[in-house]
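Colleague: I want to learn how to read a model like this one. Can you take me through it feature by feature?

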Amino acid sequence: MKRNIRKVAVLGSGVMGSRIACHFANIGVEVLLLDIIPRELNEKETAKGLSLQSPAVRNRIVNEALAFALKSKPSPVYHKTTANRITTGNFEDDLKKIAECDWVIEVVVERLDIKKSVFEKVEQFRKSGTLITSNTSGIPINSMLEGRSDDFKKHFCGTHFFNPPRYLKLLEIIPTAQTDQSVVDFLMHYGDLFLGKTTVLAKDTPAFIANRIGVFGILALFHIVKEMGLTVEEVDKLTGPVLGRPKSATFRTTDVVGLDTLVNVANGLRDNCKEDEARELFHLPEYVLKMNENRWLGDKTGQGFYKKTKGEGGKTEILSLDLITLEYTPQMKVKFATLEATKPIEGLKERYKVLISGKDKAGEFYRKSFFALFAYVSNRIPEIADELYRIDEGVKAGFGWEVGPFESWDYMGVASCIDKMKEQGIEVASWVHDFIKAGNTSFYKVENGKKLYYDIPTKSYLPVPGYENFIILDHIRPNNTIWKNSGTTVTDLGDGILNVEFHTKMNSIGSEVLQGVQKAIDIAEKDFRGLVVGNDGANFSAGANLAMLFMMAVEQEYDEIDFSIRAFQNTMMRVRYSSIPVVSAPHGLTLGGGCELNLHADAVVAAAETYIGLVEFGVGLIPGGGGTKEFALRASDAFRDGDIMLNTLRDKFLTIGQAKVSTSAEEAFDLGILRKGKDRIVPNGQRLIAEAKKTAIELAEAGYTKPVQRKDIKVLGRTGLGMVYAGANTMFSGHFISAHDKLISEKLGYVLCGGDLSEPTEVSEQYLLDLEREVFLSLCAERKTLERVQSILKTGKVLRN
């Protein structure tokens, strides 16, 4: 049957339930969020004379839970209006409303008896064919089916979201033997396309896939730490970004999740995995048991492996726990020779080889932890998954790792690791030995742009399912590169569309990137029909190369700065005024110059998690690559007869002047960076390049023609400048901004208003670009600006001077 998900019911409004509801609302789905009614009045309700029958009282639990979720940071919603799609209620009064829903998700407390009770009531109201799933993280899915109807069983399975659902990409789908295959297929597809998830098919085994492997990894590490005498901060340094993992690494992540949660999962695995060869590791070390007993559970109790305190002068200090004495001490600077050796190495594959070969304590740690992990995952097939790629996909999406266990093994060399593991008495599963004997050297390989995995039953390599919907630049670059320089690569995406990607540090934009963009447009105009600007990095672009700008400004090489800014502006105008459509595909941080490129693209296809904005004001500058010009142009286009034009100008001014950055792609529409009707959002970032390519094809086939440069941009001149200068002076007089901020504000307003014009006037884009460049150069000569740029380069923090 054809399914459309228009309305979802979420049963249970706790930490997970309320945030799952928010994420469905994020993608435009109407949500019914229900929970239990209170058993007694609170003080406020009593004071108001309310009773247990009052609607406000009956919905208090669900309303407070949703309100708490919406106030949490980072936000569970893309936009402040998202919550309008969520209707709250309670199980006693509103459960009948699930008859209107297409999908019912149970997220109540982790007790089988309560879940069964909820499902019994659900059966009374759900319409036949409605999807019904459980978000349990540990209770066997099959155990929930007792007493349920055949239709319920056909449409029931587990859907395990990871917290927070907006940000962690994993969605495990756990069918039962009675689940209809069409339901499984639908959920796998819907989770990917609409919810933006990496959907992983899991078996109904304890903790499913990601938590089974992830919790093993953490517990094994807990024991290794004790054995090797490592400190909390040492382990977090060793297991964070250097491995392509989140900054929170191991112990900080545990503090965020809650030590009690980890303890509960570990105990569950110990009790339910009787045949697990590593079951002894699920017995928690003494220091963890003591922490749990003391309620040192992490953020929820104010202290865990780390503790935030006030030091001398009231300055916040974060202490770390000494795992031997269980006392909190100042953090020590971590330094290992192995880590030092990896600093110049950008690629994870090359970095992993150095880490596993380290001769110091760090190298020993990596061998112990990775070898234990490799043996464990090899023995989990076919127990928790039939295919090895499912384990990698689950762990990567669930814990934010860039590289999964089997991929890590490939990076370090499968055969050489096995030899070293034998020396340590660590044995892998028999299928791995068969794999090596057959002459295979890696679990994955890429052929003709397709990622293949080793399939154990057939002893052959098969395409990783789902990847046919993605364009992975790493996979096609070796055979499809058209041109490259030190900062960019131009790749043929097929169907007449090129892609230009940046691969500088943080994808910052310097002369080599500008050259690459210009060259990509040259090639596309000659032999292709469209261009995508996108990459597979963590961020689209952190902006212009500030280090180079700082050096030129210090040396007072203003002609060089002028040349660089002209080159930037000319490249942005080339993006706008080429004979082929240019589509940008931003994701992650898209700041400063990266934002300016998107402002000039014919269309923007943005990942939902895009944090985009013009941030130059924070370093004492204005957007100089066409960003200020573009905001003046967009303000002009927004002017309407009868409107107060100063209000539009003020909004554009504040967006730049306050260095606003969207917290999602959806919010970028409010900032005037994305355009309704022209730009769109893709929930799943892995689909981004493919969707951008599709848009470029659509524009080309619609008969794209080169636009004409604008000469009709209405600017307000002195009318607008009066407002800007008065506002800046008031803020300065009230000590809200510094003298330097006042200067930048006035210069920003000068460009947005078109200069010192006596009346509103229509000007050209080139006129505004010249003004923008003139002001940018003048600010580069300011000592306060140089101090701010230097502060950013040294500390990553803006100096307020």
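Modeller: We go from the whole chain down to single residues. Keep in mind that this is a predicted model.

Colleague: Start with the overall form. What radius of gyration does the protein have, and what would a compact globule have?
Modeller: The rule for a globule is 2.2 Å times the number of residues to the power 0.38. With 801 residues, that gives a value near 28 Å; the protein has 29 Å, so the two agree. Along the principal axes, the C-alpha atoms fill a box of roughly 80 × 70 × 65 Å.

Colleague: How many helices and strands are there?
Modeller: The protein has 33 helices and 25 strands.

Colleague: What share of the residues is buried?
Modeller: Buried means under 20% relative accessible area. By that cut-off, 55% of the 801 residues count as buried. The exposed surface comes to about 34,800 Å², and carbon and sulfur atoms supply 52% of it.

Colleague: What share of the contacts links residues 24 or more positions apart?
Modeller: Take the contacts with a separation of 6 or more. Residues 24 or more positions apart account for 69% of them.

Colleague: Now a sheet. In what order do the strands of the open sheet run?
Modeller: Read across the sheet, not along the sequence. The order is E3-E2-E1-E4-E5-E6-E7-E8, 8 strands with mixed pairing. At the edges are strand E3 (86-90) and strand E8 (198-201), each pairing on one side only. The twist averages 25° from one strand to the next.

Colleague: Which way do E4 and E5 run, parallel or antiparallel?
Modeller: Parallel. Strand E4 (residues 103-106) is joined to strand E5 (residues 131-134) by 4 bridges. Within that pair, Glu106 stands opposite Ser134.

Colleague: What should I know about side chains in a strand?
Modeller: In a regular strand, side chains alternate between the two faces of the sheet. For a residue to inspect, take Val8 in strand E1 (residues 7-11).

Colleague: Is Val8 buried or exposed?
Modeller: Val8 has a relative accessible area of 0%, so it counts as buried. Beyond its neighbours within four places in sequence, Val8 contacts Phe24, Val29, Glu30, Val31, Leu32, Cys101, Trp103 and Ile105. Look at Leu32: it is 24 residues from Val8 in sequence, but 6.2 Å away in space, C-alpha to C-alpha.

Colleague: And a hairpin? How do E9 and E10 pair?
Modeller: Strand E9 (residues 306-310) and strand E10 (residues 316-321) are antiparallel, with 5 bridges. Lys307 stands opposite Leu319. The hairpin has 5 residues between the strands; Gly313 there takes a positive phi near 70°.

Colleague: On to helices. How far apart are the end C-alpha atoms of H4?
Modeller: Compare the end-to-end distance with the expected rise of 1.5 Å a residue. Helix H4 (residues 60-71) has 12 residues and should span 16 Å; its end C-alpha atoms are 16 Å apart, so the span agrees.

Colleague: Which residues of H4 are buried?
Modeller: They are Arg60, Val62, Ala65, Leu66 and Ala69. These pack against helix H1 (15-26), strand E2 (30-35), helix H2 (43-47), helix H3 (55-58) and E3.

Colleague: What about backbone oddities?
Modeller: Most residues other than glycine have a negative phi, and most peptide bonds are trans. Now the exceptions. Lys73 and Pro74 are joined by a cis peptide bond, with omega about -5°. Pro74 sits in the loop between H4 and E3. The bond from Ile381 to Pro382 is also cis, with omega near 10°. Pro382 is in the loop between helix H16 (361-379) and helix H17 (388-399).

Colleague: Which residue between H13 and E9 should I check for phi?
Modeller: Arg295, in the loop between helix H13 (286-293) and E9. Its phi is near 60°, positive in a residue other than glycine. Asn507 is another case, with a positive phi of about 55°. Asn507 lies in the loop between strand E17 (497-502) and helix H22 (511-527). At 8% relative accessibility, Asn507 counts as buried.

Colleague: One last residue. What does Asp562 touch?
Modeller: Asp562 is in helix H24 (residues 558-576). Its relative accessible area is 18%, so Asp562 is buried. Leaving out residues up to four places away in sequence, Asp562 touches Arg773 and Leu777.

Technical notes. Residues are numbered from 1 along each chain as its sequence is written. Side-chain values use heavy atoms; hydrogens and water are left out. Two strands pair if DSSP finds at least two bridges between them. Helices (H or I, at least four residues) and strands (E, at least two) are DSSP runs, numbered from the N terminus. Axes are lines fitted to C-alpha atoms, for helices over the stretch in contact, and angles run from 0 to 180 degrees between N-to-C directions. The expected span of a helix is 1.5 Å times one less than its number of residues. Buried means under 20% relative accessible area, exposed over 50%, partly exposed in between (1.4 Å probe, protein chains only). Contact means heavy atoms within 4.5 Å. Accessible areas come from the Shrake-Rupley method with a 1.4 Å probe; for residues, only the protein chains shown count as cover.
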